[in-house]
There are 2 protein chains.
Amino acid sequence: MWKETAISNAEWTGVRLRDLLLLAGVNPNDTRIKHVHLEGADTDLEGQCYGVSITFEKAMSPETIIAYSMNGTEIPPDHGAPLRCVVPGVVGARQVKWLKTIRLSDVESPSHWQQRDYRVFATSVEPGDELDWKSIHSIQEYPIQSAFCIPPPGTKVERAEGTIDVAGYAWSGGGRGIIRVEVSGDGGKTWQSAELEQDENQDLDHMWAWTLFRASVKIPEGVNKMELVVKATDRAYNTQPETPAGIWNLRGLINNAWHRVEVEIID
Amino acid sequence: MWKETAISNAEWTGVRLRDLLLLAGVNPNDTRIKHVHLEGADTDLEGQCYGVSITFEKAMSPETIIAYSMNGTEIPPDHGAPLRCVVPGVVGARQVKWLKTIRLSDVESPSHWQQRDYRVFATSVEPGDELDWKSIHSIQEYPIQSAFCIPPPGTKVERAEGTIDVAGYAWSGGGRGIIRVEVSGDGGKTWQSAELEQDENQDLDHMWAWTLFRASVKIPEGVNKMELVVKATDRAYNTQPETPAGIWNLRGLINNAWHRVEVEIID
C-alpha cells in the first residue's frame, strides 16, 4: 500500500550482519565504529550508487540480516536480488537492495540519501527558505501509525446493515509492539477498542511486523455520512496526533496523524 | 515538578544490576527468565512491600543500576537509602527505593502496583465500567513529552518588552533523544524552533536525561493574551498529540498533549 504508508510483510532468510562483521574481524567493542554504510548496485542519473547508513548498534543487533531469500524462495529482482539488507524496525530507505558494499565509519553515510533525502524539517520551514540540512536528523526508527484498509474511502453502506466492518494495520518503529488500536465512527468523538491479530507469544519489545486489527462499528440513527477514524498506541504509550497540523513539514514526510475514511450511508 | 510530569535529574552511582545478576550465577541466555521483580522495604497499609518488575532485557542493559549514591553523596532517605534501583528510560514507578529483594521470573510481578496501579485504559472505558486489568499493559517506557517551566501560567508581560522568554524541558522514554522542540505564541497556529541544551557528543539513541530548551517569542501587535504552546519530537520521530481528547483515560495517566500556558500582555 503506497497511500497509507508503503508497507508490507515478508518472511526473510539470511545471515546476521553481526555474524558477517565478526567473521570479517570487526571488534564489537571498537568505540570508533558508530555507523555502518550500506551501498546498493543501483545508481542515480550521475552514476552514484544508492547508499545510506544505519547505526553500528543496530547493525550488531540480532534482527539485522543480509537476506538471500524472501518468502522461502529467491529474492525477486524488484526486491533486491541477490542480496538485500533487512533492518527491522527502521525505515525502508535503510534496507538496501542489490547490496554491494558494507563499510564501517565514525560518521553517517555522506550520500545524498542519508544527508538529504530522508530528513524531516521543522513545521516553521517553508517553501523558499534556505535549507539547513546539517541541523536536522536522518530518519531511522519510525513513529507509530495505523490505517484502515477496509473500507476504502467513498464506500457506500446500506443503513439496514446496522454496522460497518473495518480492518487495517498498525505499526510502530524500533520493535515497539502495538498494545491498542481504537476506532471511531463519528470523527473521533467516541471510540471503541478493535480486536488485534497477534501471536499470543509475541514479544512486545521486539515486534517487527505490523499488527492487524478489525472491528464492527455501529451505524448511528439518522446519519448519512460517517467519518471512520483509527488511532493506535505502542508499547511505550506513544500515540498519533489527531491531525497533520502539528507535524506538517516541507517535504511531507512521516505523516502519522489519525487515519480518516468517509463512508456514505444509503437507504 | 509534579504538575507538568514529576521529573528531575540526578547523578547516580551504583553497580550494574547486570553484574550483580551474573555474579549471583544467573545465566544471561536462560530464556525462561523474562522479568526481574524488585521489592522495596516500604509497605502499604496491609503490610505488603512495594513491588514491581522490569523486563530481564532491561535489567541486563548496562544503564540499569543498583544505586548507592546520589549526586556524589549518600542517597537521602526520601530518595531510597541505602539502595535504590535506577532504570533509565523507564517510568519512575519501576525505580524501586529502599530496595530489599530481587527475584527472577517468567511472569511480571503479581503486585498491585505492577498489575493495576500503572496501567492505562482505553479512551472508551468510563467510570463505573467493569475493569479488565489483564487486558491492558503495564507502563514501562514513557512517550515523548515537553513542558514550559518559564513563564508560569498567569504571567503578565509588558507589551514594551517586545518578546517573551520561554524555557522548559523535553523528554522521551527508552533513551530516545530529543531532536526538536518547537514553540508557538498563538496557540499552535505558527511555530518556531527552540534552542536545545544538549552535550554535543550526546548519544541520541541512549539519552537518559531531559533536554532543556529556550526561545524568545515575539509579542504580536494588538493582542492582550497569548497562548504559548510547546511540542517536541524524539529520535524515532514520535510527537505529542495536540490535545488530551484522543488520549483521555479513566485514571488520567500519561497525558503528553502539547503543554499550553496563557500569559497576559499589559500596556
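How many residue pairs are in polar contact between domain 1 of chain A and domain 2 of chain A? The legend to Figure 1 has the count, and the other views take in the chain pairing, a salt bridge and some backbone oddities.

**Figure 1. Where domain 1 of chain A meets domain 2 of chain A.** This is a predicted model, and in chain A the domain assignment puts domain 1 at 12-116 and domain 2 at 144-265. Their centres, taken over C-alpha atoms, sit 32 Å apart. Five residues on the domain 1 side are in contact with six on the domain 2 side. Together the two domains bury about 360 Å², with 60% of that on carbon and sulfur atoms. As for the opening question, two residue pairs are in polar contact between domain 1 and domain 2 of chain A, both residues of each pair having pLDDT 80 or more. On the domain 1 side, the touching residues break down into one nonpolar, one polar and three charged. Even with those three charged residues, the rule finds zero salt bridges across this domain interface.

**Figure 2. The interface of chain A and chain B.** Here 40 residues of chain A are in contact with 40 residues of chain B. The pairing buries about 3,100 Å², and carbon and sulfur atoms give 45% of that. Which three residues supply more of chain A's buried area than any other three? Look for His137(A), Tyr237(A) and Glu242(A), which supply 20% of the area that chain A buries against chain B. The model as a whole scores ipTM 0.94 and pTM 0.95.

**Figure 3. Polar contacts and strands at the interface of chain A and chain B.** Between these chains, 19 residue pairs are in polar contact, both residues at pLDDT 80 or more. Strand E11 (178-184) and strand E12 (192-193) of chain A each bring at least two residues to the side that touches chain B. Of the two, E11(A) is the one to find, as it gives the most to that side, with three residues. Sorted by class, the chain A side holds 17 nonpolar, 14 polar and nine charged residues. Salt bridges are another matter: the rule finds zero across the interface of chain A and chain B.

**Figure 4. A salt bridge between Asp117(A) and Arg251(A).** Searching the whole structure over all chains turns up 24 salt bridges, and this view picks out one within chain A. The side chains of Asp117(A) and Arg251(A) meet at 3.3 Å, N to O. What parts of the chain does the pair link? Asp117(A) belongs to helix H3 (residues 112-117) of chain A, while Arg251(A) is in the loop between strand E15 (225-234) and strand E16 (259-266) of that chain, and the two are 134 residues apart. For confidence, chain A averages a pLDDT of 95, with 99% of its residues scoring at least 70.

**Figure 5. Two cis peptide bonds ahead of prolines.** Most peptide bonds are trans, so a cis one is worth a look. In chain A, the bond from Ala81(A) to Pro82(A) is cis, with omega near 0°. Pro82(A) is in the loop between strand E5 (73-74) and strand E6 (84-86) of chain A. In chain B, the bond from Ile150(B) to Pro151(B) is cis, with omega near -5°. Pro151(B) lies in the loop between strand E8 (145-150) and strand E9 (156-158) of chain B.

**Figure 6. Tyr237(B) and its positive phi.** Most residues other than glycine have a negative phi. Tyr237(B) is not a glycine, yet its phi is positive, at about 60°. To find Tyr237(B), go to the loop between strand E15 (225-234) and strand E16 (259-266) of chain B.

Technical notes: Residues are numbered from 1 along each chain as its sequence is written. Chains are lettered from A and ligands numbered from 1 in the order in which they are written. Side-chain values use heavy atoms; hydrogens and water are left out. Domain bounds come from an automatic or database domain assignment. Contact means heavy atoms within 4.5 Å. Buried area is the accessible area (1.4 Å probe) that two parts lose on being put together, summed over both. A salt bridge is a side-chain nitrogen of Lys or Arg within 4 Å of a carboxyl oxygen of Asp or Glu. A polar contact is a pair of N or O atoms within 3.5 Å; within protein, one must be able to donate a hydrogen and the other to accept it, and residues adjacent in sequence count only if both atoms are side-chain atoms. Ala, Val, Leu, Ile, Met, Phe, Trp, Tyr, Cys and Pro count as nonpolar, Asp, Glu, Lys and Arg as charged, and the others, Gly among them, as polar. pLDDT is the predictor's confidence in each residue, from 0 to 100. Helices (H or I, at least four residues) and strands (E, at least two) are DSSP runs, numbered from the N terminus.
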